[in-house]
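Student: I'd like a close look at one part of this structure, the place where two of its chains meet. Please take me through it slowly, as one connected account.

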4 protein chains.
Amino acid sequence: MESPGYAEDKEAVLKRLKRIEGQVRGIAGMVEEDRYCIEVLDQISAVTRAIQGVALVLLDDHMAHCIAKAVAAGGEEKDTKLREASAAVARLVRS
Amino acid sequence: MESPGYAEDKEAVLKRLKRIEGQVRGIAGMVEEDRYCIEVLDQISAVTRAIQGVALVLLDDHMAHCIAKAVAAGGEEKDTKLREASAAVARLVRS
Amino acid sequence: MESPGYAEDKEAVLKRLKRIEGQVRGIAGMVEEDRYCIEVLDQISAVTRAIQGVALVLLDDHMAHCIAKAVAAGGEEKDTKLREASAAVARLVRS
Amino acid sequence: MESPGYAEDKEAVLKRLKRIEGQVRGIAGMVEEDRYCIEVLDQISAVTRAIQGVALVLLDDHMAHCIAKAVAAGGEEKDTKLREASAAVARLVRS
């Protein structure tokens, strides 16, 4: 099995996801304690930005490794990988 | 202490946050297993939409209760609450 | 006919929309001249932020006037206006 | 001078930008006529999605041509182009 595009950032990505998991749990804690709506919403904005940050790291790594390799390979492989990356970016931009 | 705008949706919101926490942990698991970048990115888009969904519920409840009350109170209270809601929406739209 | 929520910001909003129209025309001009993709994309990000800025002004005005009035009226009117605002915010957050 | 990544989509992109310019002018017309806030906001959401659609076309073309070429070239050129694309995607995702 091949290592993924994010291989060299794997530990950093895992650390960020761990922190995001904690942030989501923290938001649940705020709701549990009936904290004010706006404070909860601000934490949700923060966690949304944090998770988009992870997506951007993964996307960078994907372009620098998987896309770069597929482009070098050319043909079908190149077209498939480009279409796939395009769809993933579209989902990110629209979510 | 006053109950928050989301009081009647509290259980549903907590359930959604619990599920989102699980999704984030699931994404970490995918990274742990070196799953393909695009699959991880798609799960990140899904979790982003899920967390925005929670934000929209909280915002609805906030408008229907806290804003409604502040508007009825009028004066300073109304202005403060409207400015605050406006800033929260701006952060959501831009995150 | 009633004046809209944005009545007092009408001139400012029109001015911003005029500027945005010019920015879009400017982007078309860049494409016409075969300007570099990344430069065009950056102008598109700028125009997206500009148009979201207009949306946020309109939304503020809508909350401060139309929603405030509907909340004061109560009943059906209040529920309809809140549902409507909620849907508009959801579309903004997700676009 | 080199042709841009979007060369083959140039006419389609110009047509879409022309339509978007018309949509923005239409929104100004709605404001001029004091149309209801929510109707104006919905047109703004539509125009935001339309302009993001153009960005996604340009980004696809950029990856398929400029990035592909830079990756084949390797070295400095590859790194610069990847960093540049990454920053452009980040701005799109966050706007």
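**The interface of chains D and C**

Tutor: Happy to! Chain D and chain C bury about 4,200 Å² between them, and 71% of that area lies on carbon and sulfur atoms. Buried area here is the accessible area (1.4 Å probe) lost by two parts on being put together, summed over both. This is a predicted model, in which local features need pLDDT of at least 70 and side-chain atom pairs pLDDT 80 or more, while totals for chains, interfaces and linings use all residues. Residues are numbered from 1 along each chain as written, chains are lettered from A and ligands numbered from 1 in written order, and side-chain values use heavy atoms, without hydrogens or water.

Let us begin with who touches whom. On the chain D side, 46 residues are in contact (heavy atoms within 4.5 Å) with 46 residues of chain C. Every one of these positions has its counterpart across the interface: 100% of the interface residues of chain D are also interface residues in chain C, so the copies meet through the same surface.

The geometry of the pair can be described by one rotation. Turning chain D by 180 degrees, with 0.0 Å of shift along the axis, superposes chain D on chain C with an RMSD of 0.0 Å (a least-squares fit on C-alpha atoms of residues with pLDDT of at least 70 in both). The two copies are therefore related as by a two-fold rotation axis. Within chain D, the C-alpha nearest that axis belongs to Glu21(D), at 2.8 Å from it. Please keep Glu21 in mind, as we will come back to this position.

Next, the polar side of the interface. Between chain D and chain C there are 6 salt bridges (a side-chain nitrogen of Lys or Arg within 4 Å of a carboxyl oxygen of Asp or Glu). One pairing that you can find in the viewer is Lys10(D) with Asp34(C), whose closest N and O atoms are 2.7 Å apart. The interface also has 12 residue pairs in polar contact, with both residues at pLDDT 80 or more. A polar contact is a pair of N or O atoms within 3.5 Å; within protein, one must be able to donate a hydrogen and the other to accept it, and residues adjacent in sequence count only through side-chain atoms on both sides.

Which elements supply the chain D side? Two or more residues each come from helix H1 (10-32), helix H2 (37-73) and helix H3 (75-94) of chain D (DSSP runs of H or I, at least four residues, numbered from the N terminus). H2(D) gives the largest share, 18 residues. By residue kind, the chain D side divides into 28 nonpolar, 6 polar and 12 charged residues.

Two residues of chain C show how the helices come into play. Lys10(C) lies in helix H1 of chain C and is buried at a relative accessible area of 15% (buried is under 20%, exposed over 50%, partly exposed in between). Apart from its neighbours within four places in sequence, Lys10(C) is in contact with Val31(D), Glu32(D) and Asp34(D). Ala55(C) sits in helix H2 (residues 37-73) of chain C, buried with 1% relative accessible area. Setting aside neighbours within four places in sequence, Ala55(C) is in contact with Leu92(C) in its own chain and with Leu41(D) and Ile44(D) from across the interface. Ala55(C) and Leu92(C) are 37 residues apart in sequence, yet their C-alpha atoms are 8.0 Å apart.

Now back to position 21. Glu21(D) is buried at 4% relative accessibility, and its side chain meets that of Lys18(D) in a salt bridge of 3.5 Å, N to O. Both lie in helix H1 of chain D, 3 residues apart, about one turn of the helix. Lys18(D), at 52%, counts as exposed. In chain C, Glu21(C) forms a salt bridge with Arg25(C), with the closest N and O atoms 3.3 Å apart. Those two are 4 residues apart in helix H1 (residues 10-32) of chain C, so about one helical turn separates them. Glu21(C) is buried at 5%, whereas Arg25(C) is partly exposed at 40%.

Technical notes
Ala, Val, Leu, Ile, Met, Phe, Trp, Tyr, Cys and Pro count as nonpolar, Asp, Glu, Lys and Arg as charged, and the others, Gly among them, as polar. Buried means under 20% relative accessible area, exposed over 50%, partly exposed in between (1.4 Å probe, protein chains only).
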